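Subject: Structure for you to look at

Hi,

Here is the structure I promised to pass on. Please open it and keep it on screen while you read.

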Amino acid sequence: MASNATGCLKLSEDQIKVLEENFNKVTKHPDGTTLMLIAAECGLSEEDTEKWFKQRNAKWRQAEGLPAELGSVLD
């Protein structure tokens, strides 16, 4: 499995591809139902999927020059 830059989650390249596609094309902040569907598509738990999105959001916000946490500035 490929290691990713977002912490200790060990994800396959296919899982990363699905997560990145959803992040870039669907939503950066999935609701419960969307999170469940993405997790099922990736074969991950909802908790791991939510953790990935939180870490990926922080990475994206940093790249955009925004604070790491969601605040008054909406993305």
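Below is what I found, going from the overall fold to single residues.

**The overall fold**

First, a caution: this is a predicted model. The protein has 75 residues, and 29% of them count as buried. Its secondary structure comes to 3 helices and 0 strands. Read from the N terminus, the order is α-α-α. The exposed surface is about 4,900 Å². Carbon and sulfur atoms supply 52% of that surface. Now take the contacts between residues at least 6 apart in sequence. Of these, 46% join residues at least 24 apart.

**How α2 meets α3**

Two packed helices are described by the angle between their axes and the distance between the axes. Look at helix α2, residues 32–42, and helix α3, residues 46–63. Their axes come within 9 Å and cross at roughly 105°. An angle of 65 to 115 degrees counts as roughly perpendicular, so α2 is roughly perpendicular to α3.

Which residues make the contact? From α2 they are G32, L35, M36, I38 and A39. From α3 they are E46, T49, E50 and F53. By type, the residues of this contact divide into 5 nonpolar, 2 polar and 2 charged.

**A closer look at L35**

Find L35 in helix α2. Is it buried or exposed? L35 has a relative accessible area of 9%. Buried means under 20%, so L35 is buried.

What does L35 touch, once residues up to four places away in sequence are left out? The list is P30, E46, T49, E50 and F53. Take E50 from that list. L35 and E50 are 15 residues apart along the chain, and their C-alpha atoms are separated by 6.9 Å.

**The aromatic rings**

How many aromatic pairs are there? The count comes to 3. Here are two of them.

One is F23 with F53. Their ring centres are 6.2 Å apart and their planes sit at 45°, so this pair is tilted. F23 lies in helix α1, residues 13–26, and F53 lies in helix α3. The pair therefore ties together parts that are 30 residues apart in sequence. Both F23 and F53 are buried.

Another is W52 with F53. Here the ring centres are 5.1 Å apart and the planes are at 80°. Planes over 60 degrees apart count as edge-to-face, so that is the name for this pair.

Ring pairs link F23, W52 and F53 into a cluster. W52 counts as buried at 2% relative accessibility. F53 counts as buried at 3%. Note that F53 also belongs to the contact of α2 with α3, and that L35 touches F53.

**A residue in the loop**

Last, go to D31. Where does it lie? D31 is in the loop between α1 and α2. Its relative accessibility is 45%, so D31 counts as partly exposed. D31 and E50 are 19 residues apart along the chain. Their C-alpha atoms are separated by 9.7 Å.

**Where to start**

Start with L35, which is buried in helix α2. Then follow its contact to F53. From F53, go on to the ring cluster with F23 and W52.

Best wishes

Technical notes. Residues numbered from 1 in each chain as written. Predicted model: local features only at pLDDT ≥ 70, side-chain atom pairs only at ≥ 80, totals over all residues. Heavy atoms only, no water. Axes fitted to C-alpha atoms, helices over the stretch in contact; angles between N-to-C directions. Helix = DSSP H or I, 4+ residues; strand = E, 2+ residues; numbered from the N terminus. Parallel < 35°, antiparallel > 145°, perpendicular 65-115°, else oblique. Contact = heavy atoms within 4.5 Å. Nonpolar A, V, L, I, M, F, W, Y, C, P; charged D, E, K, R; others polar. Buried < 20%, exposed > 50% of the residue type's maximum accessible area, 1.4 Å probe, protein only. Areas by Shrake-Rupley, 256 points an atom, 1.4 Å probe, with all protein chains shown as cover. Phe/Tyr/Trp six-rings, centres within 6.5 Å; stacked < 30°, edge-to-face > 60°.
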